[in-house]
2 protein chains.
Amino acid sequence: MIKTFIIDDHPMVIEGIRHMLQNTDNVQVTGSAADGYAAIDALKANPADVALVDINLPDLDGIELCKKLRERFPKLKILGLSTFKERSYITRMIDAGASGYLLKNANGEELEEAIKAAYKGRMYLSMEAAQTIARPAVQQPDLPLLTSREKEVLALIAEGMTNNEIAEKLFISPLTVDSHRKNLLAKFGVKNTAAMVKYGMESGFI
Amino acid sequence: MIKTFIIDDHPMVIEGIRHMLQNTDNVQVTGSAADGYAAIDALKANPADVALVDINLPDLDGIELCKKLRERFPKLKILGLSTFKERSYITRMIDAGASGYLLKNANGEELEEAIKAAYKGRMYLSMEAAQTIARPAVQQPDLPLLTSREKEVLALIAEGMTNNEIAEKLFISPLTVDSHRKNLLAKFGVKNTAAMVKYGMESGFI
DNA sequence: TTTCTTCTCCACGAAAAAGGGGATTTTTCA
DNA sequence: TGAAAAATCCCCTTTTTCGTGGAGAAGAAA
């Protein structure tokens, strides 16, 4: 029996996976968690063989969680899980040590196959995920990776604060805020604050 | 028995909902579809009382589908379904005739309650959805009324264009654009472009 | 240990926006 | 037809942002 742990903040998805796996011979769902730290705690008490990790979690993102899980549970195999929208995360997830990547439109068979493959130490990629990786880097503008400070500054900019006001609030120099602002503009590939706020909101950073 | 139909492109979510509802007395899942047109076809052959509609579908978005469903199946009650990220869709979904809105982190009880409420012709909103709607309504009773020119300028500002670029595009003087910009700032009650774009997007103007 | 990233800070100049006025011509519509 | 509203245009000053560059310290990663 392959002990499988599910990490996703949507009970519907957890239920769906449980349901899909309940009639399999070799896979057993031994637990689930709605966020990263809860998952680590649960896995300490009750180790598993394979973890299904959603990319979007309330506390940590999937990549960070993947790294942390691999530190603490070296034997645990990790499968990334996401919707088609977060394709750009695939390579980063693999880099972080994941054993594979599934889209949420996977069916039960694929899910079972992926878990078995991961358990045996192989890599499993869903068809779409494999194609995304195989395709050269002509990708559409994928989401920039912002540092926590940058996200903080971005949020305050969107609130309507000036560099000086932000500097005062964060206890740093206005020049530093300006640097963050410039880095944000560069990362988003836009030329002014207006476009940055729009992009930031569309991408869910704000 | 309330006949319920599920429209979501992720089998995992569909399975999860089925699973959550399988032990209820009054709710029965009579079908599911992965996209909007498949849903319409299936509902023609096999009518349902309530439809759970995901906001993100491969062909139509939830709002469009909601309108189409209400045209063809006037008796069908529709519940919107999404993750926390697409909050801004709530009001548009309601406008399109939905009987309620659920987040995917809902549990089985909430799901059942929502379906029953919709079936009885009541409106059901998850706590977060209700708060999202209540907030702008209470805090800002009067959303600024923008003229069509102002909306046009606002959209271009959000695209990252400067006054001069907008002026060129609209064949008017940069000074005029600046006037519109100032009027927009005044109407929104904000002090710079960043905050204006943010509120503009939150209010659905952009 | 070295390298990389992040966060911090800085200089200088140009461009753009914000704040404060005002004014004229079209549209809209009661 | 006449008032309101919208759209257009203008001036001046100050503030803020943008573009281009560089650089040091701390900590994590390799």
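## Helices α8 and α9 of chain B

In this predicted model, four residues of α8(B), namely Asn163(B), Asn164(B), Ile166(B) and Ala167(B), meet Pro174(B), Thr176(B), Val177(B), Asp178(B) and Arg181(B) of α9(B). Sorted by class, the residues of this contact between α8(B) and α9(B) comprise four nonpolar, three polar and two charged.

The axes of α8(B) and α9(B) come within 8 Å and cross at roughly 110 degrees; since angles of 65 to 115 degrees count as roughly perpendicular, α8(B) and α9(B) are therefore described as roughly perpendicular to each other. The crossing of these two helices, α8(B) and α9(B), is right-handed.

## The surface near DNA strand C

DNA strand C is surrounded by 19 residues, and the closest of them are Thr147(A), Arg149(A), Ile172(A), Ser173(A) and Thr176(A). The elements that give two or more residues to this surface are α7 (148-158) and α9 (174-188) of chain A, together with α8 (163-170) and α9 (174-188) of chain B.

Among the contributing elements, α9(A) gives the most to the surface near DNA strand C, with four residues. The residues of that surface divide into twelve polar, four charged and three nonpolar.

## Helices α1 and α5 of chain A

In chain A, the axes of helix α1 (residues 11-21) and helix α5 (residues 108-119) come within 9 Å and cross at roughly 85 degrees, and α1(A) and α5(A) are therefore roughly perpendicular to each other.

On the side of α1(A), the contact involves Ile17(A), Met20(A) and Leu21(A), which meet Gly108(A), Leu111(A) and Glu112(A) in α5(A). By class, the contact of α1(A) with α5(A) has four nonpolar residues, one polar and one charged.

Note on methods. Residues numbered from 1 in each chain as written. Chains lettered and ligands numbered in written order. Predicted model: local features only at pLDDT ≥ 70, side-chain atom pairs only at ≥ 80, totals over all residues. Near = placed C-beta within 6 Å. Nonpolar A, V, L, I, M, F, W, Y, C, P; charged D, E, K, R; others polar. Axes fitted to C-alpha atoms, helices over the stretch in contact; angles between N-to-C directions. Parallel < 35°, antiparallel > 145°, perpendicular 65-115°, else oblique. Left-handed = near helix turned anticlockwise from the far one by under 90°. Contact = placed C-beta atoms within 7 Å.
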